[in-house]
Structures are given as structure tokens and as C-alpha cells.
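Here are a few short exercises to help you find your way around a structure that may be new to you. Try each task by yourself, then read the worked solution below it.

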Amino acid sequence: MRTLILLLSLFLAATATTAGENRIFLKDRPGKNQVVAQCAMCHSLDYITAHAAILDRAGWEKTVGKMIDSMGAPINDADKQVIIDYLAQNYGK
Amino acid sequence: MVDRRHFIKKTAGGLAALGGLTLLQRSGLAAATGNGQATIPDALPGKEALIKRTYRPPNYETPINYFDAPFTPNNQFFVRYHNAVIPEVKPGEWRLRIGGDAIRTPLEFSLEQLRKDFEHVEIAALCLCSGNRRGAFEPPVPGLQWGSGAMGNALWRGVRLKDVLAGAGIDKSALEVSLAGADSGVLPTTPNFVKSLPLAKALDQNTLIAFEMNGEPLPHWNGFPARLIIPGWTATYWIKHLTALNVISEPFDGFWMKTAYRIPKDRFPGGQFSSQETEMAMPITEILVNSLITNMEDGQTLPNAKAIEIKGVAWDNGNGIAKVEISTDGGGNWQQAALKQDYGRFSWRQWHSVFEPKRPGQYRIMARATSHSGATQPLEPIPNPSGYHHNAVQKITIRLV
């Protein structure tokens, strides 16, 4: 919990978040820290929750790949796999 | 630095605000999408509470009961961004730069010069997100799960793009005009939201650089101090906080033209952008004929009455709406709705119809618009990978008790 608060605080400080955005909490499972750290750098996490009923594992792989290849997200291969696994397991169709 | 105590306080405030949701949901602000996702009302500074799709970048749609007015008020107008860094532009410091390899003289304008040097033009036009109603596609398509409110009709005032470009001297090699705004991604590696238009569309007399919307300066969230108005084309080309126009001799090959906002070729009627077309795909361009019932929603229960009014709006790519037909029996019989005032061929057209139910019960209400071109709405949406152009005839079930 302490780590989570620290991480979230860091992310709040680093980006111009809105009050509403701070109400979004992703499922507390392995990989969450990487997801929050990497994805929330550029966008709110409702982009993830809104796709829970829509993307399966292949869909999440494609989406994370697009974020890296087209949107310039600096995510290394190890984190990429952790993020895809977390999204597919917790927000997969 | 945000400390721990402050963070906890903020979170507690957020939870308290959640209590207010129940109230807002009863007031009709909460709308359902086809995929049954919960929607959250939330207000951006200067805006009324709209339906929040994403916080950052901000994407908010207008509740359809706000579409009762011929022009959508500025503080209720939808908001759509691709990148999260949206600077508050100071009008005195804003500059529009005209460049590119296919002009003779690069130019730069202040807002004051733009207002003073060119003839002012006003046009009523619908601003419609390409992905409006994406949330109604079955099976679901990735992307923002918009309901029907990622659109708005407004009276735009500004100057013609062709007048502004004329002084730069357009070379005969000119092919496209690329369009860029002040907003950007958080990381320098993220592509800016840059689009392009075919030269002919850029020089169309109805293509404007607008600085006013419904008689007021553009709201920050809708492109202050100046944005492009491309009547009849979807809003992806209507660049906000416009800062740069480049007249170019080669097709613009940025992500937002080459990869995004594309549709399968030959699947949809109308629209051309030959310099950006491949054998298989082309950019989305012209708006398709469409309509929306605005005073009732699917699943709604209403008190039975002798006469029930059905109201809505209809629009197309600028040919104008010829007729709107309403069915109250699931498509068996159709009757023509009355069209209200015509504000010009790029504006949406309001319509209304009166339905006299013989008895209480369940009714299947449908609305179908036909354009002056003869084009009409299909019964099912045309499938496409990105979920654009949802213009199927709306079918809603209401219960009269």
C-alpha cells in the first residue's frame, strides 16, 4: 500500500491530473505498478477500464504495441510483457 | 510534490463526489452506450457537466437531451483531444504560420491581423466526431466508446482559409495543406495531432479559420483562439488551437493521416482524398446522412398520452436534408416528420413528429433521414475496423404506461 501511494503520488506530481482521474483505481494485482507508471504518464487509466469488455489478449498486445511503436511510449520489452499480461488477465474480454 | 496526506485528502474528496453521482444520473446526464458501460458526468472548467469518456486527454460528450436547441451552447459542446498537453493560448502571443515547400512566401499572422485583414464569414455547421456512436457497434470496436453526443451544431465566424493562403503564393506543385495545432503529447516522442487536406478542400469557400462560436470567442476546450472549420467533413480535420498550415507538394505521411482515421475503400458512399488513398484504404472524409431522436432514449418509460412528440436532428455532408421519416411500429409504417428552420446546408436540421398511440404498451420508434443527394440511412451500420461512420437507422423501444 505504501509503495502504491508513493507511486501514485509521484504520478500525480508529474502530470496534470484532474480530481476525477484520481478516483480511478485499477485492480491490485501483479503488474499494476508497471501499468500505472508507464501508461498514466500520458493518459488517464479510464482508457484501460473502458476497454475491459472489448479487448482480448491479442487486442491488448496490439494496443500496447501501438503505444510503443506509434505513440512513442518508452517501455522496455520486460515491462511490455508484464503490462500485456496484467491487462489481459485483469481487463481482458 | 504531492505528499501523502494531500493525496489521501484528494482521494477522500473524490469519494465524497461519487455520492453526487446518483443525483446526476437521475437528471438524465448518465447515458448508456450500446456496450452497457457506466458513464460518468464531470465538468471541465468553463463547461457544464458532460458525459466523461476519458479524463486525460479530455474526451467528453454532450447528453442528447441538450440537442434540443438549434445551436449547441458553447458550455455544453463536446470535447475531444488526442494528446494531453493543451496549453492555454494567450491571444496576444498566438501566431499562425503559413509555410510548406509549395508556397512562394512564408507568412505569419497575429490574431489581430487575421481579424483585420480578411473578410469575415459566418457559417452554421455540424462538428461531428468520426467515431460518434462507436459504442453502438456490435461486436464492440476498440476506441473511445462514444454514445451519440460527440457532435454539436454551431454558428462559426472567421475568415476563409483560401483568403489567408492567397498572399503566400501557392505553387502549382501544391497537393495538400497540412494542419497543426498547439496541443501536444506528454513525451517528445509522441506524434502531434497533425492532419492534411486535399488542396481543393483547403481552398473551398466554406473552409474557414474560425475565432468565434455562437457569437463568442471559441472556448478553450474547443480550440481558442482559432480553429479550422471544414463543413461537411468529420471533425478530425477541424484542428483546434491552429498554429501552422503548410502547403506541400507530397502527401503528408504522419501517423494521423497514414494510419489513423482510415476506412476501407469503396465501402462507404461519397468522399475522395486521392493523394492519401491506397488500394485498400482511404481517409475518412465526408459525413454520412444520419439522424438522432433527442427527446427519448431506448428503454425509457413515458406516461401514455393522446399525442406524443418525437423530436430530433438530421444531417449530412452538405447536400441538405430532404426528409426525415418516423416509424412507431418497428419499420412497418413510416410517416414524414416536419422539418424545422433551415440554417444552411452544413447545419443539422431539427425535426419533429407527433405520434398518437392507440393504447399503452411497448413501441419501437425509428427515425430515417434522406439527403437531397438521395442517400439514406442503412438499417445496420457498415462494419469497419475503427468503428467510424455509424449511421444506421436508430431503433429505440419505449414503454407507454
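**Exercise 1.** Check whether the end-to-end span of helix α4 (residues 57-69) of chain A agrees or disagrees with the expected one.

*Solution.* Keep in mind that this is a predicted model.
- Step 1: α4(A) has 13 residues.
- Step 2: the expected span is 1.5 Å times one less than the number of residues, so α4(A) should span 18 Å at 1.5 Å a residue.
- Step 3: the end C-alpha atoms of α4(A) are 18 Å apart, which agrees with that expectation.

**Exercise 2.** Work out which residues of α4(A) are buried, and which are exposed on the other side.

*Solution.*
- Step 1: a residue counts as buried if 20 or more other C-beta atoms lie within 10 Å of its own, and as exposed if 12 or fewer do.
- Step 2: A:Trp60, A:Val64 and A:Met67 are buried in α4(A). These residues cover an arc of only 55° around the axis, so they sit on the same side of α4(A).
- Step 3: A:Ala58 and A:Asp69, on the other side of α4(A), are exposed.
- Step 4: what covers the buried residues of α4(A) includes α5 (77-91) of chain A.

**Exercise 3.** Describe the secondary structure of chain A and say what percentage of its residues is buried.

*Solution.*
- Step 1: chain A has five helices and zero strands, giving the pattern α-α-α-α-α along the sequence.
- Step 2: of the 93 residues in chain A, 30% are buried.
- Step 3: turn to the contacts in chain A with a separation of 6 or more; residues 24 or more positions apart account for 68% of them.

**Exercise 4.** Find the strand order of the four-stranded open sheet in chain B, and say which strands stand at its edges.

*Solution.*
- Step 1: the order is β1-β2-β3-β4 (chain B), with antiparallel pairing.
- Step 2: β1 (40-42) and β4 (79-80) of chain B each have a single partner strand, so they stand at the edges and one side of each lacks a neighbour in the sheet.
- Step 3: look at β4(B), which two bridges join to strand β3 (residues 59-61) of chain B. Here B:Tyr60 stands opposite B:Val79.

**Exercise 5.** Decide which way the residues of strand β17 (residues 290-293) of chain B point, and how many bridges join β17(B) to β19(B).

*Solution.*
- Step 1: B:Asn290 and B:Leu292 point one way, B:Ser291 and B:Ile293 the other, and all are buried.
- Step 2: four bridges join β17(B) to the antiparallel strand β19 (residues 308-315) of chain B.
- Step 3: B:Asn290 has B:Trp315 as its bridge partner in β19(B).

Conventions. Residues are numbered from 1 along each chain as its sequence is written. Chains are lettered from A and ligands numbered from 1 in the order in which they are written. This is a predicted model: local features need pLDDT of at least 70, side-chain atom pairs count only at pLDDT 80 or more; totals for chains, interfaces and linings use all residues. Two strands pair if DSSP finds at least two bridges between them. The arc is that of the directions from the helix axis to the C-beta atoms. Two residues are in contact if their C-beta atoms, placed from the backbone, lie within 7 Å.
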